Amino acid sequence: MRKLLVALAFLPLLAAPEADASPALKWSTPCPDYGMSPSPTAGLECATLRVPLDYAHPDRTIELTLSRHAGTPGKRRGVLLMNPGGPGSPGLAMPAQLLQRMGGSGLPDAYDVIGFDPRGTGYSTPVSCGMTTAEERGAVLGPYADGPRDVVATAAKARAVAQKCGSASTKDLLPHMTTANTARDLDRIREALGERKISYYGVSYGSYLGAAYASIFPAQGDRIVLDSVLGPHGLDVRANQRFAEGFDDRFPDFAAWAAQRDDVYHLGRTPAAVTAKFFELAAVRGPEFRSDTWNGLYDDAFFPAVAREWAGTARAAAGPLDGDNHAALQLQVLCNDNDWPGQLGYYQVAVERERARHPMFGPAAANVNPCAFWPVERAEPPVRVGGPGPANVLLVQNLRDPATPLSGARETRAAFGARARMITVDDGGHGVFTRENACGNEAVLGYLRDGVFPAADGACHSGRGEVSMGK
């Protein structure tokens, strides 16, 4: 995605500077509701916290908004921070979502569950790129390219988006929207809560944020769970290309589902016929059809909507969180975190290579985006995931994840070495915990709630409720 110039000042990724004093958080109700009814944050308390915009020069601060569901007296063992991914996804509602989905499990009793809108998004100090169209907001993942000329056309649009980010009203905030700084924010939250250690659950990009925190602040982590795991370099150009790998891993689940319901949707009586139908429709409907299908592979619950869309139903309308702010922070974190190739020829070659490897989605995942033309240089090197620390990092990963495929999770598992264990789940979709797989849920609950850290890596097999170890 992003390109990346040579860094100006390299800041050691050790820790945030010590705060002069841990500010007391003032919790109150109601929490912000994102303009949604019913409020997704109902029943939670919220507070604000000032953190440095730039930890190397901490005088200027920005604001974070936090949410809390307090644990049960007598059962509370600590604090659990949660992050939903993105980057750019707001997280204030996560404690309420956990209570709704896992309220009877005992987990919300054991912790003060803390959600937050990460720096740059939602009700924390927000950033903007001034993007006014859906095409601009979707530029982080280039459209399916039919050849080199399409890459050139996409590059012109991507360059314009990068220029908008560099000249937007919040351009002075832009260089500091990074995973490393968000990890430092996590530690400031820990200090403000008066906790010696924090537990953490993060999914998707949130897995990389948690890996960064466990790497930068190994002594401050208690029980760390990374769900749907990115590779150890986060959302870099390779992770973007892996979206096509995830598409190929996951699509057979949808094809089998649709074939079993051919009497309803008429997409093909066999998985092979449904696959042929995909290419037939893609040739007519263009790049947007491929992207919509990929998004629909995130959860089995989306399959009926995907099938209806294939049959001609209109796309769903955008929600209140689908505007410029979400897309702007996503771009800024991705483009600031890593070096992205700046030569157009790189993407033209990559598109053809990925077309041969992954014809369904490869030329979209490998296409150029605004990070190739990013207007600022990185202020510090990327987070180095791993390093010494306690054995307290649990990875949970579906075998067929369309966004964070197994190959990336295996690399992060290797980066943590003896510090980590990984439980794979014979399932598809994006996200393990709080979904339908009882074995995956029990693996996470067994660790966060009960403190049972697996002795070895393991696997949840289809149709079985227990983890088999040593896989």
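Here are legends for a set of close-up views of this predicted model.

**View 1. The stretch that UniProt labels as a C-terminal domain.**
An unreviewed UniProt entry places the feature "domain: Peptidase S33 tripeptidyl aminopeptidase-like C-terminal" at residues 359-460. Look at the two ends of residues 359-460: their C-alpha atoms lie 30 Å apart. Helix makes up 25% of this span and strand 20%.

**View 2. S228, tucked into a loop.**
Find the loop between β6 (221-227) and α7 (237-260), and you have found S228. Is S228 buried or exposed? With 0% relative accessibility, S228 counts as buried, because the cut-off for buried is under 20%. Leaving out residues up to four places away in sequence, S228 touches V203, S204, S207, V396, Q397, D401, T404, H430, G431 and V432. Zoom in on G431, as the side chain of S228 reaches its backbone nitrogen at 2.8 Å. For a sense of scale, try S228 and G446: 218 residues separate them in sequence, and their C-alpha atoms are 18 Å apart in space.

**View 3. N367 and its partner T154.**
N367 sits in the loop between α14 (362-365) and β7 (393-400). Its relative accessible area is 3%, so N367 is buried. Which side chain does the side chain of N367 meet in a polar contact? That would be the side chain of T154, at 3.2 Å. Besides T154, the residues that N367 touches include G142, P143, A145, V151, Y347 and V351, again not counting residues up to four places away in sequence.

**View 4. Helix α10 and its cover.**
Helix α10 (residues 287-296) is largely enclosed by the rest of the structure, because 7 of its 10 residues are buried. The buried ones are F289, R290, S291, D292, T293, W294 and G296. What covers these buried residues of α10? The cover includes α7, α9 (271-285) and α11 (303-310).

**View 5. Two enclosed spaces.**
Rolling a probe the size of a water molecule over the atoms shows where empty space is left. Here the count comes to 2 cavities of 30 Å³ or more. The largest cavity holds about 60 Å³ of space, and its lining includes N83, G85, P87, G88, S89 and Y205. By class, that lining has 5 nonpolar, 5 polar and 1 charged residues. The second largest cavity has a volume of about 50 Å³. Among the residues lining the second largest cavity are V229, L230, R242, A403 and P405, and by class the lining divides into 5 nonpolar, 3 polar and 1 charged.

**View 6. Two cis peptide bonds and two positive phi angles.**
Most residues other than glycine have a negative phi, and most peptide bonds are trans. Now for some exceptions. A cis peptide bond joins S37 and P38, with omega about 0°; P38 is in the segment before β1 (45-52). Another cis bond links G86 and P87, with omega about -10°. You can spot P87 in the loop between β3 (78-83) and α1 (94-102), and P87 also helps line the largest cavity. Next up is H266, in the loop between α8 (262-265) and α9, where phi is positive, near 60°. H266 is exposed, with a relative accessible area of 55%. Finally, T434 has a positive phi near 75° and lies in the loop between β8 (420-428) and α16 (438-448).

Technical notes. Residues are numbered from 1 along each chain as its sequence is written. This is a predicted model: local features need pLDDT of at least 70, side-chain atom pairs count only at pLDDT 80 or more; totals for chains, interfaces and linings use all residues. Side-chain values use heavy atoms; hydrogens and water are left out. UniProt positions are given in the numbering used here, feature names are shortened, and annotations may be inferred rather than shown by experiment. Helices (H or I, at least four residues) and strands (E, at least two) are DSSP runs, numbered from the N terminus. On a 1 Å grid over the protein atoms alone, a cavity is a set of points where a 1.4 Å probe fits but cannot get out, and a pocket is an open set with protein on both sides within 12 Å along at least five of seven lines; lining residues have an atom within 4 Å of a point. Grid points are joined across faces, edges and corners, and a volume is the space filled by probe spheres set on the points. Ala, Val, Leu, Ile, Met, Phe, Trp, Tyr, Cys and Pro count as nonpolar, Asp, Glu, Lys and Arg as charged, and the others, Gly among them, as polar. Buried means under 20% relative accessible area, exposed over 50%, partly exposed in between (1.4 Å probe, protein chains only). Contact means heavy atoms within 4.5 Å. A polar contact is a pair of N or O atoms within 3.5 Å; within protein, one must be able to donate a hydrogen and the other to accept it, and residues adjacent in sequence count only if both atoms are side-chain atoms.
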